[in-house]
Every structure is written in structure tokens, then in C-alpha cells.
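This report describes selected helices, a sheet and one buried loop residue in the structure shown below. The account proceeds from one element to the next.

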Amino acid sequence: MKSVMLAAQALQCGQRHVIIAGGMESMSNVPFYLKRGTPTYGKTILDDGIVHDALTDVYNMCHMGNCAENTAKKFGITRKEQDDYAISSYKRSAAAYENKVFNNELITINVLQKQGKFAIAINEDEEHKKVNFDKFHHLPTVFQKDHGTITAGNASTLSDGAAAIALCTSKFAQQERLKPLAKILAFEDAAIAPIDFPTAPALAIFKLLQNAGINKSDIALWEINEAFSVVAIVNQKLLDIDPNKLNVHGGAVSLGHPIGMSGTRLIVHLVHALKTGEKGIASICNGGGGASSILIEKI
């Protein structure tokens with residue numbers, strides 16, 4: 001999302017006329033880290049690159065999941081609420097795929113299998129098909145064994161993915177006879193204490209609405225990244241937004257959360273899900289306590 005915001009700023013400043021912005025993440029290929037030098041006698045500890053570089057709150061030295069547990073307890077959000085939300089996310093994604101909602105925003109890629117002998121075509125997200133609702137409420141908690149609320153079911157999964165958006169100025173679009181899908185109206189950043197990062201999107205959205213002079217009632221659809229189910233739930237409550245307008249086709253819990261691309265994916269989906277003339281807001285939190293938000297209008 002930040003890449004799209006930086007691209008928009010470059011266009012506003014007249015430094016560029018057209019830019020491609022986006023991100024990617026291959027979490028399945030992130031290596032384990034080994035300290036430099038000769039391993040010592042006894043044992044050598046490997047660090048998981050994903051946890052070390054992406055999912056650790058470096059201020060409190062704990063996993064992001066522990067931060068999410070802290071938020072759940074702070075706001076009284078139960079395991080059942082999170083499970084129910086996650087089940088809804090899976091069902092919404094499955095229904096969206098069945099109704100071909102995502103067709104215009106996906107491209108097929110061919111993925112080589114082991115030893116490069118043959119490739120398989122990937123043309124849809126896979127996570128929404130892997131769920132077993134019979135086991136959902138019985139899954140063990142991951143980050144806090146006693147009185148914990150977050151499980152593998154109600155949290156986002158480790159995923160691979162990429163997303164990109166082509167942006168240009170209105171002058172360039174007219175000159176090249178392009179037909180834009182949407183326009184960016186405003187964007188904002190906000191931050192809170194890192195331990196409270198799940199609530200940061202609400203701050204970024206409050207600022208966005210205020211500075212853009214827009215009311216919540218003007219927003220047709222909301223996309224708030226489901227890093228954990230509790231993130232979507234707490235921000236829906238803090239913003240007092242209609243849950244029927246939030247992540248209407250599922251989110252990261254059921255689609256996956258490749259960290260470096262998720263913000264762009266939210267915007268891409270809003271562009272295709274909104275109807276002409278409607279406005280939508282997307283927001284995503286980051287591990288340092290910050291969040292970004294963006295307001296777009298379908299043309």
C-alpha cells in the first residue's frame with residue numbers, strides 16, 4: 001500500500017507521468033538464518049527468517065501473535081468471535097470464487113515443480129479450499145496456551161503472492177486515451193505503540209476521513225487486512241462500521257497474507273469490487289505499530 005502512496009506522491013509532484021507500484025512476498029522461500037563463523041560445539045540455533053524479520057515486535061521482543069492476543073484481551077474479544085469471523089471470511093471467499101468475483105483481478109502463473117520437470121498453472125488462491133469447519137473450534141491456540149484466543153484457523157496463513165497497480169496522471173491518461181478504473185482521492189499514515197498495532201488501521205482511517213472531508217456513510221466498501229481475525233473485528237468496532245461492508249469477499253485469513261503484497265491486493269480488489277461512483281477505503285497495519293489507509297473512487 002505504501003508503494004502505491006509513494007507512486008501517487010511522485011505523480012502529484014510532477015516527477016513521473018506513469019508508474020507501476022506494488023509488492024510481492026514468497027514466504028515459502030524465506031530461509032533460516034545461521035550466524036556467521038564456525039558453528040560452536042554442542043548445538044547451533046537457526047533463526048526463522050519470517051519470524052526474525054517480519055513477525056517480531058522488536059520493542060517488546062514478542063511475536064505479533066502475542067500483540068494480537070493482548071488486543072483481544074484489552075477489548076474483550078473472545079475466541080468464539082474470532083472463530084466465527086474467520087469462518088465467515090472463508091465462506092465469503094469461497095462464494096466470491098464461485099461467483100467469479102475475482103476473475104478480472106487475477107492472472108495465471110505457471111509454477112515449476114520439483115526438479116523443474118513440469119509446471120502447474122495457478123489461477124486462484126488456495127487457502128479457502130483447505131478449511132475444515134468441523135475442526136475449527138477445536139484447534140489449539142498458538143501463542144498463549146492458557147486463556148489464548150488465536151489459532152491457525154482464525155489467523156492469516158503463510159503465503160506467496162504478488163500484486164501491482166498501474167498509476168498515471170489524468171493528463172497522461174487523456175493524452176494516451178486511457179480509461180482509468182478508479183482514482184485515488186487521499187491517503188494517510190498513523191502509528192500507535194507497537195504492542196497495539198492491531199488497532200492502528202482505525203487511527204489511519206480516522207485521519208483519512210477527517211482530512212478528506214468524507215463521512216463514513218459515504219463509503220460503500222471497506223477493506224481492512226485480516227492479519228488476524230481480531231484485527232478486523234477490533235477496527236470494525238472502533239470505527240463502528242457496518243460489518244456487511246467490511247471485507248465482503250473474504251480477506252487474508254481465507255486468502256492468505258503474503259506480507260509485502262497484501263496492501264496492494266486490498267486496493268486492487270476495491271478497484272474491481274466497487275461500482276461506478278462509489279468510494280472505498282483500504283487500510284493495513286504493520287509490525288512497528290503503524291498503519292496506512294487509502295481512499296479511492298471507482299470511475
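## Helix α7

In this predicted model, the buried residues of helix α7 are A200, P201, A202, A204, I205, L208 and L209. The cover over these residues includes the strands β9 (182–191), β10 (219–224), β11 (279–285) and β12 (290–298), together with helix α8 (229–239).

Helix α7 comprises 13 residues, 200–212, and its first and last C-alpha atoms are 18 Å apart, close to the 18 Å expected at 1.5 Å a residue. After the helix comes G213, which has a positive phi, near 70 degrees.

## The four-stranded sheet

The strands that contribute to the cover of α7 also belong to one open sheet of 4 strands, arranged in the order β9-β12-β11-β10 with mixed pairing. The edges are formed by β9 and β10, each of which pairs on one side only. From one strand to the next, the twist averages 15 degrees.

Strands β9 and β12 run antiparallel and are joined by 9 bridges. Within this pairing, E188 has S293 of β12 as its bridge partner, and A190 is partnered by A291 of β12. Strands β11 and β12 are also antiparallel, pairing over 7 bridges, with I284 opposite S292 of β12. These two strands form a hairpin with 4 residues between them, and G289 in the turn has a positive phi of about 100 degrees.

## Burial of strand β12

How many of the residues of β12 are buried? The count is 9 of 9, so the strand is largely enclosed by the rest of the structure.

In a regular strand, side chains alternate between the two faces of the sheet. In β12, one set consists of G290, S292, I294, I296 and K298, while A291, S293, L295 and E297 point the other way; all of these residues are buried. The buried residues thus include the charged K298 and E297.

## Helix α10 across the sheet

Helix α10 lies across β9, β10, β11 and β12, and runs at about 165 degrees to β11. The helix has 12 residues, 262–273, and reaches 16 Å from its first C-alpha to its last, close to the 16 Å expected at 1.5 Å a residue.

Most of α10 is covered, with 10 of its 12 residues buried. The buried residues are S262, G263, T264, R265, L266, I267, V268, H269, L270 and V271.

## Packing of α4 against α8

Helix α8, which is part of the cover over α7, also packs with helix α4 (residues 79–98) at an angle of about 100 degrees, the two axes lying 9 Å apart. Because angles of 65 to 115 degrees count as roughly perpendicular, α4 and α8 are therefore roughly perpendicular to each other.

On the α4 side, the contact is made by E81, Q82, Y85 and A86, which meet S229, V230, A232, I233 and K237 in α8. By class, the residues of this contact divide into 5 nonpolar, 2 polar and 2 charged.

## H128 in its loop

H128 is located in the loop between β7 (119–122) and α5 (133–136). Is this residue buried or exposed? H128 has a relative accessible area of 8%, and because buried means under 20%, H128 is classed as buried.

Leaving aside residues up to four places away in sequence, H128 touches Y90, S93, A94, Y97 and S254.

Technical notes. Residues numbered from 1 in each chain as written. Predicted model: local features only at pLDDT ≥ 70, side-chain atom pairs only at ≥ 80, totals over all residues. Heavy atoms only, no water. Expected span 1.5 Å × (residues − 1). Buried < 20%, exposed > 50% of the residue type's maximum accessible area, 1.4 Å probe, protein only. Contact = heavy atoms within 4.5 Å. Axes fitted to C-alpha atoms, helices over the stretch in contact; angles between N-to-C directions. Parallel < 35°, antiparallel > 145°, perpendicular 65-115°, else oblique. Pairing = 2+ DSSP bridges.
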